[in-house]
Each structure stands twice: as C-alpha cells, then as structure tokens.
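Please open the model in your viewer and keep the selection panel at hand. The stops below go from the whole chain to single side chains.

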Amino acid sequence: MTFWTLLAAIVASGTALWIAYRVYPFQKAQDRKLELQREQRKVYREFIDEWLKVWTEINSAESAAKIDIIEGVKMYGVAMRLADAALVRLTLSASKTVLECAGKRHSALYATHTSLGEAVREQMKKTSSVMPQSELYASFVLQISALRDQDRTNLENLVNMMRSEEFSSIGKVEMLRPALINFDKRDEIKQ
C-alpha cells in the first residue's frame with residue numbers, strides 16, 4: 001500500500017466520521033422538524049374541517065329550534081361537544097398563538113350558550129312562565145347570528161395566523177360577509 005493510498009483511505013474515513021457525527025444528526029433534526037411541520041399543517045386542515053361540522057350542527061340546531069327550542073338547544077350542545085373534541089385534537093400539535101385564537105372561537109360558543117340560557121331565565125322571571133316559542137326562537141336566531149359574525153372574524157384571524165406560521169405568507173385572507181336577502185313577501189306588497 002502506497003502512501004497516497006493510505007492518505008486517501010484516512011481522508012475517506014475521516015470524512016465518513018465527520019458526516020456520521022456532524023452532518024447526519026443535523027440532517028435528522030431538519031427532517032424531524034419538517035415532519036412536525038407537515039403534521040401541524042395536517043392538524044390545522046383537520047381542525048378547519050371539524051369546525052365546519054360544528055357549524056353544520058349549529059345550523060341544524062337553529063332549524064330545530066324553530067319547531068322545538070329545547071331540541072335546538074340540545075343540538076347546540078352537540079355542536080359544543082364537537083368543538084371540544086376539535087380543540088383537544090388541535091392542542092396536540094398547534095402553536096400557542098394558534099391555540100389562543102382557536103380558544104376564542106371555542107369560548108364564543110360557550111358564551112352564546114350562556115347568553116341564550118340567561119335570556120330564557122330573564123324572560124321566565126318577568127312572566128313567571130316560559131317565553132312563547134316564537135320569542136325563544138327569535139332570541140336563539142339573534143344569538144346564533146351574533147356568534148356567526150364573531151366566528152367569521154375569529155376564523156379569519158386563525159387562518160391568517162396559520163398561514164403566517166406555516167408558510168410565512170404575507171397578506172391577509174379576508175372572509176366576505178354575505179349580504180342578507182329579504183324574502184319577506186310583505187315588503188313586495190308595500191312597494
């Protein structure tokens with residue numbers, strides 16, 4: 001074995017050792033970081049999908065409340081349980097700022113539930129009986145409408161935060177607020 005062959009073998013061995021002790025751990029850390037980010041993006045997407053299911057249940061609760069306010073409130077409770085589950089799953093992977101924003105959405109659901117209960121309780125104190133179904137439903141719709149507006153703003157903030165953290169996206173996504181269309185036939189007759 002010649003000197004140059006021996007030197008090449010030493011350099012090759014040294015390079016392999018250097019890669020094994022320096023480069024490989026660094027690369028593994030980078031791979032792990034990318035895997036965690038991929039998982040986080042997946043959890044964020046799932047949270048948005050789960051929250052859409054929460055709103056499907058809330059919309060069903062609103063429809064049910066028109067017929068039976070108690071059934072509507074029960075269905076709203078189901079939506080709250082779905083929201084609980086979605087938030088718990090999010091806590092496993094989300095950043096602190098995303099969790100705080102998602103928590104605002106969650107808290108708003110509970111605040112609406114409390115407000116609806118208080119409105120019914122106040123009406124019962126005033127009349128010593130249960131509020132008529134139509135008034136309860138009107139109160140329910142008003143509470144859900146306010147929640148919908150608040151949740152749209154919270155969703156906007158949440159999506160922008162997720163985009164910023166995960167993709168370093170600049171600019172904001174703005175959720176459009178639909179203009180309400182009045183289908184009341186009495187308005188047509190007046191014109």
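Among the contacts in the protein with a separation of 6 or more, 71% are between residues 24 or more positions apart. The model is a predicted one. Colour by secondary structure: five helices and zero strands appear, and from the N terminus the order of elements is α-α-α-α-α. Of the 191 residues, 28% count as buried.

**Stop 1: H1 against H2**

Select residues 3–67 for helix H1 and residues 69–91 for helix H2. Their axes lie 7 Å apart, and the packing angle is about 175°. Angles over 145 degrees count as roughly antiparallel, and H1 and H2 are therefore roughly antiparallel to each other. Which classes of residue make up the contact of H1 with H2? There are 20 nonpolar residues, two polar ones and five charged ones.

**Stop 2: the largest nonpolar core**

In soluble globular proteins, nonpolar side chains tend to be buried together. Here the largest nonpolar core has 32 residues. Show Phe47, Ile58, Tyr76, Leu90, Leu109 and Phe140 as sticks; these touch the most other members of the core. Now add helix H3 (96–127) and helix H4 (133–167) to the selection: H1, H2, H3 and H4 each supply at least two residues of this core. Which helix gives the largest share? That is H1, with ten residues.

Centre the view on phenylalanine 140, one of the core residues just listed. With neighbours within four places in sequence left aside, phenylalanine 140 is in contact with Ala61, Glu62, Ala65, Ile69, Gly72, Val73, Tyr76 and Leu116. Keep Glu62 and Tyr76 from that list displayed, as later stops return to them.

**Stop 3: threonine 112**

Move to threonine 112, which lies in helix H3. Is threonine 112 buried or exposed? Its relative accessible area is 8%, so threonine 112 is buried. Apart from neighbours within four places in sequence, its contacts are Tyr76, Gln143, Ile144 and Leu147. Tyr76 is thus a contact of threonine 112 and also of phenylalanine 140.

**Stop 4: salt bridges**

Side chains of opposite charge can pair when their charged atoms come close. How many salt bridges does the structure hold? There are seven, and this stop visits some of them.

Begin with lysine 42 and glutamate 46, whose side chains form a salt bridge with an N to O distance of 3.8 Å. Lysine 42 and glutamate 46 are about one helical turn apart, because four residues separate their positions in helix H1. Glutamate 46 counts as partly exposed, at 33% relative accessibility.

Next, select glutamate 50 and arginine 89. They form a salt bridge in which the closest N and O atoms are 2.8 Å apart. This pair links distant parts of the chain, with glutamate 50 in helix H1 and arginine 89 in helix H2, 39 residues apart. Glutamate 50 has 17% relative accessibility and so counts as buried, while arginine 89, at 42%, counts as partly exposed.

Then take arginine 148 and glutamate 62, joined by a salt bridge of 3.0 Å, N to O. Arginine 148 is in helix H4 and glutamate 62 is in helix H1, so the pair ties together parts 86 residues apart in sequence. Is glutamate 62 buried or exposed? Glutamate 62 is buried, with a relative accessible area of 14%; arginine 148 counts as partly exposed at 24% relative accessibility. Glutamate 62 is also among the contacts of phenylalanine 140.

**Stop 5: two C-alpha distances**

Select glutamate 71, in helix H2. Glutamate 71 counts as partly exposed, at 35% relative accessibility. Draw a distance from its C-alpha atom to that of alanine 61: the separation is 7.4 Å, for residues ten apart along the chain. Alanine 61 has appeared before, as a contact of phenylalanine 140.

Finish on lysine 104 in helix H3. Is lysine 104 buried or exposed? With a relative accessible area of 53%, lysine 104 is exposed. Draw a second distance, to leucine 155: the two C-alpha atoms are 9.7 Å apart, and the residues are 51 apart along the chain.

How values were computed
Residues numbered from 1 in each chain as written. Predicted model: local features only at pLDDT ≥ 70, side-chain atom pairs only at ≥ 80, totals over all residues. Heavy atoms only, no water. Axes fitted to C-alpha atoms, helices over the stretch in contact; angles between N-to-C directions. Parallel < 35°, antiparallel > 145°, perpendicular 65-115°, else oblique. Nonpolar A, V, L, I, M, F, W, Y, C, P; charged D, E, K, R; others polar. Core = buried A, V, L, I, M, F, W, Y, C linked by side-chain atoms within 4.5 Å. Buried < 20%, exposed > 50% of the residue type's maximum accessible area, 1.4 Å probe, protein only. Contact = heavy atoms within 4.5 Å. Salt bridge = Lys/Arg side-chain N within 4 Å of Asp/Glu carboxyl O.
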